Amino acid sequence: MGSATSELPSHRTPLNDTAETGLKIVVVGGFGVGKTTLVRSVSEIRPLNTEEVMTQAGVGVDETGAVAAKTTTTVAFDFGRISLNDRMVLYLFGAPGQQRFWFLWDRLFSGTLGAVVLVDTRRMDDSWYAIDRLEHHRTPFVVAVNRFDDDGVRHSLDEIRQALALPAHVPMVDCDARVRQSGKDVLLTLVNHLHDMALAQEATL
């Protein structure tokens, strides 16, 4: 992405004593798509991350062509937290994007209420595995298109939906993973989607 910095909160908020509901959310997507950046920008605590400096050992293993400026990579997962209100808290887990770490994804999906799939339109093929695994686990998800400053072609959301063969009921939004409010809007889109699904299920009972 460009040179803009993440809009990190100026202080780290302690967990409210009245918090009683914790919701697990997973952020997935391809290598270098912005998962760590998203978790870092929205978290109200200092996020736990497992980023390591990329070395020569990754040459020929991790595809870095579209993210040549990337110097670190997540090797386990990122973790952050954001309070939606006095009683409800989201726990965020960012999954590593490289294929060699995909074996961790199924364990991360355990107990997950919903997921965010981050998409880089320059490398949309990298999104297929995330969508496939979420559909396999029947985990509800939304798609957030992380717009990069150096992306010369700005595809519309309808074009991206068609390219990913996403059904109409899956929400899709634009975002800038560096900007806290943009990241929060993505999470609210997911929460609203989960709420709508719960209401629809109740209506069928």
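# Notebook: a walk through a predicted chain

**Entry 1, the surface and the whole chain.** I began with the outside: the chain exposes about 10800 Å², and carbon and sulfur atoms supply 52% of that area. I should say at once that this is a predicted model. Next I looked at burial, and found that buried residues make up 45% of the 205 residues in the chain. I then listed the secondary structure, which comes to 5 helices and 8 strands. Read along the sequence, these elements follow the pattern β-α-β-β-β-β-α-β-α-β-α-β-α. I also looked up contacts between residues at least 6 apart in sequence, and 75% of them join residues at least 24 apart.

**Entry 2, strand S5 and its partners.** I picked strand S5, residues 88-94, and checked its cover: 5 of its 7 residues are buried. Which strands pair with S5, and in which sense? I found strand S1, residues 21-29, pairing with S5 in the parallel sense over 7 bridges. Strand S4, residues 78-83, runs antiparallel to S5, with 6 bridges joining the two. I noted one residue pair for each. Valine 26 has phenylalanine 93 of S5 as its bridge partner, and arginine 81 stands opposite tyrosine 91 in S5. I also looked at the link between S4 and S5: the two form a hairpin, with 4 residues between them.

**Entry 3, strand S6.** I moved on to S6, residues 114-119. How many of the residues of S6 are buried? I counted 6 of 6. Both faces of the strand are covered, with Gly114, Val116 and Leu118 buried on one side and Ala115, Val117 and Val119 buried on the other. Then I looked for its neighbors in the sheet. S1 turns up again here, pairing with S6 in the parallel sense over 5 bridges, and glycine 29 stands opposite leucine 118 in S6. S7 and S6 also pair in the parallel sense, over 5 bridges. For a residue to click on there, I wrote down valine 116, whose bridge partner in S7 is valine 142.

**Entry 4, helix H4.** I went through helix H4, residues 157-164, and found Ile160, Arg161 and Leu164 buried. Why do these residues line one face of the helix? Seen down the axis of H4, the buried residues fall within an arc of 100°, so they line one face. The general rule helped me here: an α-helix has 3.6 residues a turn, so residues three or four places apart point the same way. On the other side of H4, I found Asp158 and Gln162 exposed.

I then asked what the buried residues of H4 pack against. They pack against strand S6, helix H3 (128-137), strand S7 (141-146) and strand S8 (172-175). Just after H4, I noticed that alanine 165 takes a positive phi of about 55°.

**Entry 5, helix H5.** I tested the length of helix H5, residues 180-203, as a simple sanity check. At 1.5 Å a residue, its 24 residues should span 34 Å, and the end C-alpha atoms lie 35 Å apart, which agrees. I also wrote down the buried residues of H5: Arg180, Ser182, Gly183, Val186, Leu187, Leu190, Val191, His193 and Leu194.

**Entry 6, salt bridges.** I turned to charged side chains, and the count came to 8 salt bridges. One group caught my eye: Asp120, Arg122, Arg123 and Asp126 are linked in a network of salt bridges. Within this group, arginine 122 bridges to aspartate 120, and their closest N and O atoms are 2.8 Å apart. Aspartate 120 also meets arginine 123 in a salt bridge, at 3.1 Å from N to O.

Are these residues buried or exposed? Aspartate 120 counts as buried because its relative accessibility is 2%. Arginine 123 is buried too, with a relative accessible area of 14%. Arginine 122 counts as partly exposed, at 27% relative accessibility.

I looked up one more pair before closing the page. Arginine 178 forms a salt bridge with aspartate 176, with the closest N and O atoms 2.7 Å apart. Both arginine 178 and aspartate 176 are buried.

How values were computed: Residues are numbered from 1 along each chain as its sequence is written. This is a predicted model: local features need pLDDT of at least 70, side-chain atom pairs count only at pLDDT 80 or more; totals for chains, interfaces and linings use all residues. Side-chain values use heavy atoms; hydrogens and water are left out. Buried means under 20% relative accessible area, exposed over 50%, partly exposed in between (1.4 Å probe, protein chains only). Contact means heavy atoms within 4.5 Å. Accessible areas come from the Shrake-Rupley method with a 1.4 Å probe; for residues, only the protein chains shown count as cover. The expected span of a helix is 1.5 Å times one less than its number of residues. A salt bridge is a side-chain nitrogen of Lys or Arg within 4 Å of a carboxyl oxygen of Asp or Glu. The arc is that of the directions from the helix axis to the C-beta atoms. Two strands pair if DSSP finds at least two bridges between them.
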